[in-house]
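Hello,

Here is the structure I promised to hand over. Please open it first, then read my notes underneath.

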Protein chains: 2
Amino acid sequence: MSDLQTISEIKKCPVQYVLAINDTLNVISGKWKLPILASILYGNHRYKDIQANIDKITPRMLSKELKELELNGVIIRNVYDSTPVRIEYKMTESGKNILSVLDAMVDWGVSHRKSTL
Amino acid sequence: MSDLQTISEIKKCPVQYVLAINDTLNVISGKWKLPILASILYGNHRYKDIQANIDKITPRMLSKELKELELNGVIIRNVYDSTPVRIEYKMTESGKNILSVLDAMVDWGVSHRKSTL
DNA sequence: AATATCGCTATACTTTTGTATAGTTAAAGT
DNA sequence: ACTTTAACTATACAAAAGTATAGCGATATT
């Protein structure tokens with residue numbers, strides 16, 4: 001992959017792509033979003049379970065982030081009309097696909113660490 | 001080959017996985033990192049050119065972020081001993097590879113937008 | 001000699017993000 | 001009846017990130 005090739009490719013990059021990158025970045029940035037997503041993906045679906053699974057997170061931040069993730073269509077909040085009411089947070093289909101982004105991040109992060117040794 | 005093997009091994013190890021993702025996230029998060037990287041990739045290498053290319057960025061933020069990107073091994077700052085002194089910021093090899101992460105982010109962002117219509 | 005350009009730094013400030021701590025409602029267990 | 005658990009909300013505060021504005025030292029241009 002030559003430099004000139006890369007640059008010309010980038011010059012073709014439409015506005016939509018920039019928007020898409022920003023969407024993705026918004027979904028995963030902040031101190032708690034990845035830990036929360038990881039915990040849900042790992043199998044924790046209830047508020048208390050997620051809270052217990054993430055060290056030092058406050059209820060305020062957990063609520064706030066869960067709401068934002070729901071609003072962004074990454075997770076879904078299910079209320080089960082049992083007694084007592086049970087609430088479960090689960091990844092949406094689209095949310096599950098974010099693993100591909102995390103994979104790319106792992107790959108880059110690992111090889112970058114090696115390169116800076 | 002043994003590299004790929006190692007990467008997949010590390011993916012099984014939660015701690016390394018998390019560290020690598022955090023490294024990557026730190027490199028790209030914040031308001032100005034992506035615009036700066038994009039501008040450099042686009043062909044702007046000098047301070048004033050990057051500044052002129054990015055709307056509303058202040059010199060303070062540009063300096064701060066350039067320093068951080070350099071410290072993180074994503075870009076390199078070259079001082080050319082000419083008169084006047086010329087300074088050029090360029091992507092490191094590792095820095096260029098971050099395009100693969102951006103690609104994954106575009107893909108997810110685009111398909112996620114479609115899914116939430 | 002005066003002005004402009006490059007590559008920044010300095011200081012003060014505002015906004016956003018995250019923390020600490022306490023309280024609420026409803027139901028369940030003891 | 002009393003305590004415990006789930007799933008949160010409310011208020012106040014601190015820290016981090018970003019903005020606004022001014023200026024500096026060296027060279028170059030007019």
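**DNA strand C**

The surface near DNA strand C is made up of seven nonpolar, three polar and seven charged residues. Keep in mind that this is a predicted model.

There are 17 residues around DNA strand C. A:Lys31, A:Arg60, B:Lys67, B:Arg77 and B:Tyr89 come nearest. Of the strand C atoms that come within 4 Å of the protein, sugar and phosphate account for 65%.

Three polar contacts to look at, with the atoms involved:

- B:Arg46: an N or O atom of the side chain is 3.1 Å from a phosphate oxygen of DNA strand C.
- B:Lys48: here a backbone N or O atom is used, 3.4 Å from a phosphate oxygen of DNA strand C.
- B:Arg60: a polar side-chain atom lies 3.3 Å from a base oxygen of DNA strand C.

Which elements give two or more residues to this surface? Chain A contributes α5, and chain B contributes α4 (47-53), α5 and β2 (86-91). The largest share comes from α5(B), with four residues.

**DNA strand D**

Now the other strand. Around DNA strand D there are 17 residues. The nearest are A:Arg77, A:Tyr89, B:Lys31, B:Arg60 and B:Thr83. Sugar or phosphate holds 68% of the strand D atoms within 4 Å of the protein, and bases hold the rest.

Three phosphate contacts are worth displaying:

- A:Lys67: a side-chain N or O atom is 3.1 Å from a phosphate oxygen of DNA strand D.
- A:Tyr89: a side-chain N or O atom is 2.6 Å from a phosphate oxygen of DNA strand D.
- B:Lys31: a polar side-chain atom lies 2.6 Å from a phosphate oxygen of DNA strand D.

A:Tyr89 and B:Lys31 are thus both among the nearest residues and in polar contact with phosphate.

At least two residues each come from α4 (47-53), α5 (59-71) and β2 (86-91) of chain A, and from α5 (59-71) of chain B. Which element gives the most to the surface near DNA strand D? That is α5(A), with four residues. By type, the surface near DNA strand D divides into seven nonpolar, three polar and seven charged residues.

**Chain B against chain A**

Next, the protein interface. In this contact, 38 residues of chain B meet 38 residues of chain A. Together the two chains bury about 3500 Å². Carbon and sulfur atoms carry 70% of that area. On the chain B side, B:Tyr42, B:Met105 and B:Trp108 lose the most area to chain A. Together these three make up 19% of what that side buries.

How many salt bridges cross the interface of chain B and chain A? The rule finds two. One links B:Asp23 to A:Arg113, with the closest N and O atoms 2.5 Å apart. Polar contacts between chain B and chain A come to 14 residue pairs, counted with both residues at pLDDT 80 or more.

On chain B, the side that touches chain A takes two or more residues from each of α1 (2-12), α2 (14-28), α3 (33-42), α6 (93-96) and α7 (99-115). α7(B) gives the most, with 13 residues. By type, this side of chain B has 22 nonpolar, 11 polar and five charged residues.

Best regards

Key
Residues are numbered from 1 along each chain as its sequence is written. Chains are lettered from A and ligands numbered from 1 in the order in which they are written. Side-chain values use heavy atoms; hydrogens and water are left out. A residue is near a molecule or strand if one of its heavy atoms lies within 4 Å of it. A polar contact is a pair of N or O atoms within 3.5 Å; within protein, one must be able to donate a hydrogen and the other to accept it, and residues adjacent in sequence count only if both atoms are side-chain atoms. Ala, Val, Leu, Ile, Met, Phe, Trp, Tyr, Cys and Pro count as nonpolar, Asp, Glu, Lys and Arg as charged, and the others, Gly among them, as polar. Contact means heavy atoms within 4.5 Å. Buried area is the accessible area (1.4 Å probe) that two parts lose on being put together, summed over both. A salt bridge is a side-chain nitrogen of Lys or Arg within 4 Å of a carboxyl oxygen of Asp or Glu.
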